[in-house]
Amino acid sequence: MSIVASNISKLYGTQKALDNVSFEIKSGEIVGFLGPNGAGKSTMMKILTCFLPPTSGEATVCGFNILEQSLEVRKKVGYLPENNPLYLDMYVREYLEFVAGIYKLGKDSKKRIDEMIELTGLKIEIKKKIGALSKGFRQRVGLAQALIHNPEVLILDEPTSGLDPNQIIEIRNLILEIGKQKTIMLSTHIMQEVEAICGRVMIIDKGIIIADKVTNEIHKMTGNKQTIAVEFNVKADKKLLSTIEGVVNVKNIKDNIWEIVTDSAKDIREDIFKFAVKNNMAVLSMKIEENTLEEVFHQLTMK
Ligand code: ADP
Ligand code: MG
């Protein structure tokens, strides 16, 4: 197990930022950590990277305890903090040399720095000071510093926030490339990002984990509604369709195809079928439409 968090709570004064949070992340997983602003994502990440102690609870990273073995934890973890704080006056290589020094990479550092520059595509901007780089390139520097000591686990706090759409795709591809060999926990607000790179999604709200699922399965967390697409053989009457029990909305998509929305997660396909028979209609096709991750997120965190 790469990360094990057990009953982590964090209080800032009287405010509870994390409330008894527990989860495990297996080696090789890429986990998306979602939640509205203020949910506790950054706090959790700071705790796992030993930048902040929890008020209570325990966590281990690669088997090392975050409180008792913080030095070992730091060796195993690469961390890209929120807003990626960098020394803007330093040249790219100079900064990476500085970070390599902190990790005491010694004689390996030059080779390692060259590899990171290559991997993160920093070569073309290598002559510049960090302050002169675009936000996308600064993120590459942030990723290079997070990776320099070849950590097993990467914790990335909103790695694509503030980037333009092209930069987002570049950084995302870079994370995918890196992720082939590492365990990654990343926070983001971009749902497509989670679907593009994460095998698993954890949603946190008000310091509590409210969903933890394989990305493909999160869509099935329908919450309080379900959408069914149905095609009849003849024209149907909207008013009549609305009388099916549990139906709250009916929309004609085209010709004899309708979208039926229900007010509960209950499967009403059988009711639709019976309705059709009763009204001398045939059902040509019927399909439950999966909610998008965005809808699931919205439904879960708006309560
Ligand atoms: P997220 O990263 O999900 O947006 P954070 O972990 O940054 O959430 O914050 C969780 C909650 O803790 C928020 O309500 C935030 O205002 C509060 N918080 C975060 N850092 C501090 C701090 N240093 N002092 C006081 N409150 C804080
Ligand atoms: Mg944050």
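Strand 2 (15-25) and helix 1 each supply at least two residues of the shell around ligand 1 in this predicted model. Helix 1 gives the most, with 3 residues. Helix 1 covers residues 41-48. The full shell consists of Tyr12, Gln15, Ala17, Pro36, Asn37, Gly38, Ala39, Gly40, Lys41, Ser42 and Thr43.

Polar pairs between the ligand and the protein are listed here. In each row the ligand atom is an oxygen.

| Residue | Part of the residue | Distance to ligand 1 |
|---|---|---|
| Gly38 | polar backbone atom | 2.7 Å |
| Ser42 | N or O atom in the side chain | 2.8 Å |
| Thr43 | N or O atom in the side chain | 2.5 Å |

Taken alone, ligand 1 exposes 560 Å². The protein buries 64% of that area.

**Thr43**

Thr43 deserves a separate look. This residue lies in helix 1, and its side chain places an N or O atom 2.5 Å from a ligand oxygen. Is Thr43 buried or exposed? Its relative accessibility is 8%, so Thr43 counts as buried; the cut-off for that class is under 20%. The side chain of Thr43 also makes a polar contact of 2.9 Å with the side chain of Tyr12. Tyr12 itself belongs to the shell around ligand 1. Beyond its neighbours within four places in sequence, Thr43 is in contact with Lys10, Tyr12, Ala17, Leu18 and Leu52. Ala17, one of these partners, is also listed among the residues around the ligand.

**Salt bridges**

Side chains of opposite charge can pair when their charged atoms come close. How many salt bridges does a search of the whole structure find? The search returns 18.

One of them joins Lys206 and Asp205, with the closest N and O atoms 3.4 Å apart. The two partners fall into separate exposure classes. Lys206 has 55% relative accessibility and so counts as exposed, the cut-off being over 50%. Asp205 has a relative accessible area of 11% and is therefore buried.

Arg269 and Asp267 form another salt bridge, at 2.6 Å from N to O. Here Arg269 is partly exposed, at 33% relative accessibility. Asp267 is partly exposed too, at 35%.

Lys274 and Glu270 meet in a salt bridge of 3.3 Å, N to O. Why are these two residues separated by about one helical turn? Because they are 4 residues apart in helix 10, which runs over residues 269-278. Glu270 is exposed, with a relative accessible area of 55%. Elsewhere, salt bridges that share partners join Glu29, Arg200 and Asp212 into one network.

**A nonpolar surface patch**

Which residues form a nonpolar patch on the surface? They are Tyr87, Phe98 and Ile102. Together they have about 310 Å² of accessible area. Ile102 lies in helix 3, which spans residues 92-102. Its relative accessible area is 51%, so Ile102 falls in the exposed class, which begins over 50%.

**In brief**

Thr43 links two parts of this account. Its side chain contacts Tyr12 at 2.9 Å, and an N or O atom of that side chain lies 2.5 Å from an oxygen of ligand 1. Among the charged pairs, Lys206 with Asp205 and Lys274 with Glu270 are two examples. On the surface, Ile102 shares a nonpolar patch with Tyr87 and Phe98.

Methods. Residues are numbered from 1 along each chain as its sequence is written. Chains are lettered from A and ligands numbered from 1 in the order in which they are written. This is a predicted model: local features need pLDDT of at least 70, side-chain atom pairs count only at pLDDT 80 or more; totals for chains, interfaces and linings use all residues. Side-chain values use heavy atoms; hydrogens and water are left out. Patches are made of residues with over 30% relative accessible area and no salt bridge: like charges are joined within 9 Å, nonpolar side chains (Val, Leu, Ile, Met, Phe, Trp, Tyr) within 5 Å. Accessible areas come from the Shrake-Rupley method with a 1.4 Å probe; for residues, only the protein chains shown count as cover. A salt bridge is a side-chain nitrogen of Lys or Arg within 4 Å of a carboxyl oxygen of Asp or Glu. Buried means under 20% relative accessible area, exposed over 50%, partly exposed in between (1.4 Å probe, protein chains only). A polar contact is a pair of N or O atoms within 3.5 Å; within protein, one must be able to donate a hydrogen and the other to accept it, and residues adjacent in sequence count only if both atoms are side-chain atoms. Contact means heavy atoms within 4.5 Å. A residue is near a molecule or strand if one of its heavy atoms lies within 4 Å of it.
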